[in-house]
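Here are my notes on the model, set out point by point. Please keep the structure open beside them as you read.

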Amino acid sequence: MARSVLFVCLGNICRSPSAEGVFRAFAAGAGLKIEADSAGLGRWHLGNPPYGPAIRAAAARGYDLSRQRARQVSGTDFERFDLILGMDDDNVAGLEALRPAGNTTPVRLLLDYAPDTGVREVPDPYYTGDFGTALDLVEAAALGLIDAFRR
Ligand code: 4NP
């Protein structure tokens, strides 16, 4: 089973940093040593910390995102990580376009690990303003992902 996971969204300042922070906390709580990182498909926020409202919403639930810095996903990430998870279908399509020839790293939707939510994509709180719903979905998926890593 995968020992490293990369979370990917568009800007790397809302959804994927939240997924990274939540998953790191859950993995630590479960005593699992799994490398986790996040990256964005876009370049707008390179080197910046996550969006302030995302940092504050996560902090209210006990997750520290403040030390993360945005970076852009690249072809080498397909060699570095065992599993790559996009937040929505556009992310997955963007990732597939970056896949190096011959690479077979699984690229899936984060919410494939949260089937009970009945939601496929994490709505972008940068646009919806709903950071609570994004965190609810990310937490559900992080739990499912921990289960998958345990199996
Ligand atoms: P994220 O949200 O993909 O969840 O980080 C976004 C944040 C910023 C932008 C797009 C998406 N942007 O275009 O600046």
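1. Let me begin with Asn-103, which sits in the loop between helix H4 (89-98) and S4. Helices are DSSP runs of H or I with at least four residues, strands are E runs of at least two, and both are numbered from the N terminus. Asn-103 is buried, at a relative accessible area of 13%. Here buried means under 20% relative accessible area, exposed over 50%, and partly exposed in between, using a 1.4 Å probe and protein chains only. Setting aside residues up to four places away in sequence, Asn-103 touches Phe-78 and Glu-79, where contact means heavy atoms within 4.5 Å.

2. A word on the basis of these values. This is a predicted model, in which local features need pLDDT of at least 70 and side-chain atom pairs count only at pLDDT 80 or more, while totals for chains, interfaces and linings use all residues. Residues are numbered from 1 along each chain as its sequence is written, and side-chain values use heavy atoms, with hydrogens and water left out.

3. On to the strands. Strand S1 (residues 4-9) runs parallel to S3, and four bridges join them; strands count as paired if DSSP finds at least two bridges between them. Strand S4 (residues 107-109) also pairs with S3 in the parallel sense, over three bridges. You can follow this through Leu-85: this residue is the bridge partner in S3 of Phe-7, and its own partner in S4 is Arg-108.

4. Which residues of strand S3 (residues 83-86) are buried on each side? Leu-83 and Leu-85 are buried on one face, and Ile-84 and Gly-86 are buried on the other, so both faces are covered.

5. Arg-80 belongs to helix H3 (residues 77-80). Arg-80 is partly exposed, with 44% relative accessible area. Not counting residues up to four places away in sequence, its contacts are Ser-4, Glu-35, Asp-37 and Arg-71.

6. Now the ligand, which you will probably want to inspect yourself. Its surroundings comprise Cys-9, Leu-10, Gly-11, Asn-12, Ile-13, Cys-14, Arg-15, Trp-44, His-45, Asp-124, Tyr-126 and Tyr-127, each with a heavy atom within 4 Å of the ligand. By class, this shell has seven nonpolar, three polar and two charged residues. The classes take Ala, Val, Leu, Ile, Met, Phe, Trp, Tyr, Cys and Pro as nonpolar, Asp, Glu, Lys and Arg as charged, and the others, Gly among them, as polar.

7. Where does the ligand meet polar atoms? An oxygen atom of the ligand is 2.7 Å from a polar side-chain atom of His-45. For a polar side-chain atom of Asp-124 the distance to a ligand oxygen is 2.9 Å, and for a polar backbone atom of Ile-13 it is 3.0 Å. The protein buries 93% of the 350 Å² that the ligand exposes when taken alone, with areas from the Shrake-Rupley method and a 1.4 Å probe.

8. Asp-124 deserves its own point. This residue is in the loop between S4 and helix H5 (125-128), and is buried at 15% relative accessible area. Apart from neighbours within four places in sequence, Asp-124 is in contact with Cys-14 and Arg-15.

9. Finally, Gly-11 lies in the loop between S1 and helix H1 (15-30) and counts as buried, at 16% relative accessibility. Gly-11 and Trp-44 are 33 residues apart in sequence, with their C-alpha atoms 6.8 Å apart in space. Beyond neighbours within four places in sequence, Gly-11 is in contact with Gly-40, Trp-44, His-45 and Ala-70.

How values were computed
Polar contact = N/O pair within 3.5 Å; in protein donor to acceptor, adjacent residues only side chain to side chain.
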